[in-house]
Protein chains: 2
Amino acid sequence: MPAEDTRSRLVAHATNLFHREGFHAVGVDRLAADLGISKKTLYKQFRSKDELLTEVLDRCGDMAVQDFPDESDDASPRERLLGVFDAQRAYCEAPEFSGCFFVNIATEFRDPSHPAVRQACFHKSQLHGYVRRQADIAGAHDSESLAEQLVVLHTGAADYALLTGRYPATIRQAVEALLDVHGIH
Amino acid sequence: MPAEDTRSRLVAHATNLFHREGFHAVGVDRLAADLGISKKTLYKQFRSKDELLTEVLDRCGDMAVQDFPDESDDASPRERLLGVFDAQRAYCEAPEFSGCFFVNIATEFRDPSHPAVRQACFHKSQLHGYVRRQADIAGAHDSESLAEQLVVLHTGAADYALLTGRYPATIRQAVEALLDVHGIH
DNA sequence: CACCGAGGAAACAGATCTGTTTCCAGTGTG
DNA sequence: CACACTGGAAACAGATCTGTTTCCTCGGTG
């Protein structure tokens, strides 16, 4: 098997396990065994487990943004913003859902200077920017506040789904109420 | 020093450290050393580190409810519900704030049957019940939905404060919008 | 066939944790 | 003083992790 395949299979599997069980809970022995390779091979691809995590975080950061509705389609800003939460709902209702990956990893590494925590902040800021752009297009009078409010709702909804096992059904109503208040129709 | 003092000092200190750095990141050696006692004494008070965590969680569960505005005072339900977020704001802006303790610990123990995770759910359900009671008193037409929405906002606000280092200033406006929608004036 | 390199299996080193045990110093009491 | 008890310091056992190394097997190539 080509080395690149081994590398990407490692990143993919590590993403799953780190997300579902946590970075510290998953040992490199298990990662290697699951993929039918030896630790020797793993450490030839990545200098350390931390380097593997960095690659995992980079990959997830890229993927998360793709879940936002395409800004070049012909939907209205309101529809796009509601679409963010529809996409999140689908994400949270998947059987393997286990919380926001970035928040989970950031909780494990409390140190704010750790790359994992910084990546989590960056992801939130990407959502923030997306909301602001949509709100500005729609002529909202305070897109900054709306963005903050929707980011809070977005984060809270994932937590709620994780703790209760059910995505909060009334989120959509709450989002619509906030969009109405900010004049986005 | 009386044994009871040692016990409660242990619980208090463990609460701080488990909250700020995580359960697994804080060893019993350090806990004992910080308090100037030996591990022997610690293990005479608690059979295991897990038993200490159980006591910590019980104590925090009791304390968290006390942060909700007293239901027997003469404030209106709307004022009480806004007061929940004012109290949270003060909590999040304290220098030692490091996220919702229950969510943090629950994230460490992914197993939903673990007492820590159950305690986290219980705490959220207590907030849910509080909101519902206030909403029902105020004659809301759908107190269940409002409770869900405010719990999501509440959880998300703590996450936001943890990740960004700043409590979301526009939460109050969002809460007021939702209260308005549900007919609570 | 002879050789060589890639990679698996597993031992190993070193660190770090929980929980136990040993030893000893200090203290209160007869 | 003699004795018993408390609790600190530290060694220890056993587990678990990361990362390294050793040994061996197997497949490709001259």
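**Exercise 1. The protein interface**

Task: In this predicted model, determine through which surface the two copies meet.

Solution.
Step 1. Compare the interface residues of the two chains: 100% of those in chain B are also interface residues in chain A, so the copies meet through the same surface.
Step 2. Count the participants: chain B brings 37 residues to the contact, and chain A brings 37 residues.
Step 3. Give the interface a size. Accessible area lost when the parts come together is often used for this purpose. Between chain B and chain A about 2,900 Å² is buried, and carbon and sulfur atoms give 63% of that area.
Step 4. Identify the main contributors on one side. In chain B, the residues that lose the most area to chain A are Arg110(B), Glu148(B) and Leu163(B); together they account for 24% of what that side buries.

**Exercise 2. The symmetry**

Task: Find by what turn and what shift chain B can be laid on chain A.

Solution.
Step 1. Recall the general form of the operation: two copies of a chain are related by a rotation about an axis and a shift along it.
Step 2. Insert the values. A turn of 180° with a shift of 0.0 Å along the axis lays chain B on chain A, with an RMSD of 0.0 Å.
Step 3. Interpret them: the two copies are thus related as by a two-fold rotation axis.
Step 4. Locate the axis relative to the chain. In chain B, Gly156(B) has the C-alpha nearest the axis, at 1.7 Å from it.

**Exercise 3. The fold and the annotated regions**

Task: State how many helices and strands chain A has, and describe the regions that UniProt places at residues 4-64 and 27-46.

Solution.
Step 1. Chain A contains nine helices and zero strands, and its pattern along the sequence reads α-α-α-α-α-α-α-α-α.
Step 2. The C-alpha trace of chain A spans about 60 × 35 × 30 Å along its principal axes.
Step 3. An unreviewed UniProt entry places "domain: HTH tetR-type" at residues 4-64 of chain A. Over that stretch the chain is 80% helix and 0% strand, with the end C-alpha atoms 23 Å apart.
Step 4. The unreviewed entry from UniProt also places a "DNA-binding region" at residues 27-46 of chain A. Residues 27-46 of chain A are 75% helix and 0% strand, and their end C-alpha atoms are 14 Å apart.

**Exercise 4. DNA strand C**

Task: Describe the protein surface near DNA strand C: which elements supply at least two residues each, and which residues are closest?

Solution.
Step 1. Helix H3 (39-45) of chain A supplies at least two residues, as do helix H2 (28-35) and helix H3 (39-45) of chain B.
Step 2. DNA strand C is surrounded by 15 residues, the closest being Lys40(A), Thr41(A), Lys44(A), Lys39(B) and Lys49(B). By class, the residues of this surface are four nonpolar, five polar and six charged.
Step 3. Of the strand C atoms within 4 Å of the protein, 50% belong to sugar or phosphate and the rest to bases.
Step 4. Examine individual pairs. Side-chain N or O atoms lie 2.3 Å from a phosphate oxygen of strand C in the case of Thr41(A), and 2.6 Å from a phosphate oxygen in the case of Lys49(B). For Lys40(B), the partner is a base nitrogen, at 3.4 Å.

**Exercise 5. DNA strand D**

Task: Describe the surroundings of DNA strand D: which residues come nearest?

Solution.
Step 1. Out of 15 residues around DNA strand D, the nearest are Lys39(A), Lys49(A), Lys40(B), Thr41(B) and Lys44(B). The surface near this strand has four nonpolar, five polar and six charged residues.
Step 2. Among the atoms of strand D within 4 Å of the protein, sugar or phosphate holds 50% and bases the rest.
Step 3. Phosphate oxygens of strand D are 2.9 Å from a side-chain N or O atom of Tyr43(A) and 2.5 Å from one of Lys44(B). The side chain of Lys40(B) has an N or O atom 2.6 Å from a base oxygen of strand D.
Step 4. Two or more residues of the surface near strand D come from each of these elements: helix H2 (28-35) and H3 of chain A, and H3 of chain B.

Methods
Residues are numbered from 1 along each chain as its sequence is written. Chains are lettered from A and ligands numbered from 1 in the order in which they are written. This is a predicted model: local features need pLDDT of at least 70, side-chain atom pairs count only at pLDDT 80 or more; totals for chains, interfaces and linings use all residues. Side-chain values use heavy atoms; hydrogens and water are left out. A residue is near a molecule or strand if one of its heavy atoms lies within 4 Å of it. A polar contact is a pair of N or O atoms within 3.5 Å; within protein, one must be able to donate a hydrogen and the other to accept it, and residues adjacent in sequence count only if both atoms are side-chain atoms. Helices (H or I, at least four residues) and strands (E, at least two) are DSSP runs, numbered from the N terminus. Ala, Val, Leu, Ile, Met, Phe, Trp, Tyr, Cys and Pro count as nonpolar, Asp, Glu, Lys and Arg as charged, and the others, Gly among them, as polar. UniProt positions are given in the numbering used here, feature names are shortened, and annotations may be inferred rather than shown by experiment. Copies are superposed by least squares on the C-alpha atoms of residues with pLDDT of at least 70 in both. Contact means heavy atoms within 4.5 Å. Buried area is the accessible area (1.4 Å probe) that two parts lose on being put together, summed over both.
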